[in-house]
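Colleague: I'm new to this one and would like to learn how to read it. Could we start with a helix and work outwards?

Modeller: Sure, let's bring it up.

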Amino acid sequence: MKVLVAMSGGVDSSVAAAELQAAGHEVVGVTMRLWGGESDTGCCSVSDVDDARRVAQQLGIDHLVFNFSDDFNEHVVAPYVQAHVDGLTPNPCIECNRHLKFDRLSERARLLGFDAVATGHHARIERDDEGVMRLARGADDAKDQSYVVHMLDQAELAYTMFPVGHLTKAQVRERAIELGLRTATKPDSQDVCFISKTGGRETFLGNRIPFRKAVVVNEDGTPAGKIDALELVTIGQRKGLGIPGGGPKQYVVEVDTPNARVVIGEEGSLYRQSVDVDQVIWSDAGDAERLKVTNDVLVQSSAHGAAIPATVEILTPRSLRIHWSEPQRRIAPGQSIVLYNTINSFVLAGGIACPDSAKASLQ
Amino acid sequence: MGTYLDHAASTPMRAEAIEAMTPYLDHMYANPSGSHRFAREARKAIDEARDLVAATLGCNPGEVVFTSGGTEGDNAAILGAVRRLGGTAVCPAAEHHAVLHCVEHVGGVIVRVNNVGTVDLEDLQRVLEEATEEQPITVVSVMAVNNEVGSITPMREVARIVRKYAPQALLHTDAVQAACWVDMREITPLVDVLALSAHKFGGPKGMGVMVIKAGKHLEPLILGGGQERDRRSGTHNVAGIIATAKALEVTDATRQEEIVRVRQLRDRLVDEITQALDGVLETVPREQRVPGVAHVCFSGLENEALLFLLDQADVYASAASACASGAMEPSHVLEAMGIERSWSNGALRLSLGHTTTEHDIDTAVAAIVSAVNQLRR
């Protein structure tokens, strides 16, 4: 097959390219240039492009650079900024996967005559007994990335390859060392690629939006303090609220954006029986029907969080309600919520956590 | 080797230039600044090269300065003028980044361009007239031929306006894309400073030529041993200088016949593309463009994708300038010309040169038509 492999300049995508080549595919590497601004941490900086190109040279495959910085700004950076204005906690890496890697890039790949797009994500794509493509967790529990690529539907799964999904991270590094790839010992990227370590999120947002001052109040409405930037506050946050220590630990339990108000309370106030999810994408449309019969699922709500037992109530084709088996800490609106099957092996659906609805709050 | 239509990026070295430089890469290795007989031989070769360059450019040998390339020449002209004379710089919006970034660096003024990408003469006049005594304009830099779309600047008109409205300013021209297609003797007399890049006319990369007219002074960029009459220090790149002079000599001697030959090839290339495909914009009218450049915009596609398919078909072309990572940047030239993004996204530059053949044109047309059709499906 003719495969376009997205090479970020990291070890996983380097080995992904090598694995595809070893399997006899016709491989072309591509690095997406996404961010023109300042960054010193994330992928796709000039030095990362250099690494990707050098690995491609070493493997003897062509390497391209596609400039998708306009799309990245439109679909990832601008919504990231707006989400903070709206009091949400966005996950830009997921939006990048959704809009860039598995939309813009795969669309370009189709146009250019490629049979598949590959990335170095730790996830697996398998076909089940009924012929349904399943997005399964990667072989390395600690590095599984099925959560961040949960938005792939059947058509996209059929066009996507994850060549290192069956390997552990240690095996990936071993492979890279065996092949003498220069990226073999490169540390994993952790942070949001467009936010620099020195300035951080505060500087990044501060350069783009005016911060709103906000009052911090207790659950009974009595004032507790003041903060300078409502946009930097997240549900569950404990630090930087300008409130005196002592007494029970206080958490942000509500961000009231319209009224510029942050409500704090004890940990117990964070717990919820349910959460609503919208912008839902089903891995396979048939799962929505199956879940009407047996509605047990496992739910993951952060990149490396645990999968928690719950039942699912389907509200509309694009929205659903999660009922936790045991009350869970509130999930910040804007975070991605991904449903797995009951044995925690593959993705069923994923979407975005909504603000508390009247019905979803603790009853 | 595939079909090379990227001569404006770099054109193959002239065989005569390679032959001429080879002894200086081999046994003629002396430093020409030395005082012994061996050094004097190298010195003589450089002096002769300088005479040759001066003759083809239409200036005095003492006005020729050898540099590391076009970018150095542009930097030396603009930064050198402002450092020496104070004031600020002016250039049009469609200049090469080697000029544009220098002018921006000194806080200069950017002048509009017209719809073919050459300087808007009225806007140039306005900017020069509006300059104040506190911030005089000390250097005006206007490219002779645009590197992306190939449009030819009426340098005579530019010179007339600069002399009239900013008589104290130096007039610099980035003539990098002109050398192959324009008799330099028509440009050099109009300007005070001029920059060329050797690899654009069949010389080696890493070599350039500047003309700094007698009586015009720039603060040198590079200080050191005082070579090139203190205008550009650093040990002479002897082999590079010899090759540059030879390439320029060959280019000058063959220019008239090459203009006729290449123009016919270029016109056929564009005609056959526009006949075979709808939605093609010829960016600049042919009579305002050098013969070596075909610049077209295709509607409904992205040039990154087009260039990939052409690359797969072993047809080598380009679009706008590439950034440090190798990604395509949106063209500032097309933007300055007022070309809509729906067109400029599909911009393609095909540039021809001394090695281009009829067969290249046939191959390129077939590959381009096939690629555009694939992308528009």
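Modeller: Keep in mind that this is a predicted model. Let's begin with helix H2 of chain A, residues 46–59. At 1.5 Å a residue, the 14 residues of H2(A) should span 20 Å, and the C-alpha atoms at its ends are 20 Å apart, so expectation and model agree.

Colleague: Which residues of H2(A) are buried?

Modeller: The general idea comes before the list. An α-helix has 3.6 residues a turn, so residues three or four places apart point the same way. Now the case here: the buried residues of H2(A) are A:Asp48, A:Val49, A:Asp51, A:Ala52, A:Val55, A:Ala56 and A:Leu59. Looking down the axis of H2(A), you find them within an arc of 160 degrees, so they line one face of the helix.

Colleague: And which exposed residues sit on the face of H2(A) turned away from its buried side?

Modeller: That face carries A:Ser47 and A:Gln57.

Colleague: What do the buried residues of H2(A) pack against?

Modeller: They pack against helix H1 (11–22), and against S2 and S3 of chain A. Also look just after H2(A), where A:Gly60 takes a positive phi of about 80 degrees.

Colleague: Those strands bring me to sheets. In what order do the strands of the open sheet run?

Modeller: To read a sheet, follow its strands from neighbour to neighbour. Here five strands of chain A form an open sheet in the order S3-S2-S1-S4-S7, with parallel pairing. Strand S3 (62–67) and strand S7 (160–161) of chain A stand at the edges with a single partner strand each, so one side of each has no neighbour in the sheet. For a closer look, take S1 (residues 2–6) and S2 (residues 26–33) of chain A, which pair in the parallel sense over five bridges. In that pair, A:Leu4 stands opposite A:Val28 in S2(A).

Colleague: How many strands close into the barrel?

Modeller: Six, in the order S12-S15-S14-S13-S16-S17 of chain A, and the pairing is antiparallel. From one strand to the next, the twist averages 45 degrees. Zoom in on S14 (residues 308–316) and S15 (residues 319–329) of chain A: they pair in the antiparallel sense over six bridges. One match to find is A:Ala310, whose bridge partner in S15(A) is A:Trp324.

Colleague: Which helix lies across S14 of chain A?

Modeller: That's H8 (residues 285–293) of chain A, which lies across strand S12 (271–282), S14 and strand S17 (347–353). H8 runs at about 105 degrees to S14(A).

Colleague: Let's zoom out. How many helices and strands are there in chain A?

Modeller: Chain A has eight helices and 17 strands. Its radius of gyration is 22 Å, close to the 21 Å that the globule rule gives for 363 residues, so chain A is as compact as a globular protein of that length. Of those 363 residues, 47% count as buried.

Colleague: Can I try the helix reading on chain B? Which residues of H5(B) are buried?

Modeller: In H5 (residues 121–130) of chain B, they are B:Leu124, B:Val127 and B:Leu128. Down the axis of H5(B), its buried residues fall within an arc of 95 degrees, so they line one face. The face turned away from that buried side carries the exposed residues B:Glu122, B:Glu129 and B:Glu130.

Methods
Residues are numbered from 1 along each chain as its sequence is written. Chains are lettered from A and ligands numbered from 1 in the order in which they are written. This is a predicted model: local features need pLDDT of at least 70, side-chain atom pairs count only at pLDDT 80 or more; totals for chains, interfaces and linings use all residues. Helices (H or I, at least four residues) and strands (E, at least two) are DSSP runs, numbered from the N terminus. The radius of gyration is taken over C-alpha atoms; the globule rule is 2.2 Å times the number of residues to the power 0.38. A residue is buried if 20 or more other C-beta atoms lie within 10 Å of its own, exposed if 12 or fewer, and partly exposed in between; C-beta atoms are placed from the backbone. Two strands pair if DSSP finds at least two bridges between them. Axes are lines fitted to C-alpha atoms, for helices over the stretch in contact, and angles run from 0 to 180 degrees between N-to-C directions. Two residues are in contact if their C-beta atoms, placed from the backbone, lie within 7 Å. The expected span of a helix is 1.5 Å times one less than its number of residues. The arc is that of the directions from the helix axis to the C-beta atoms.
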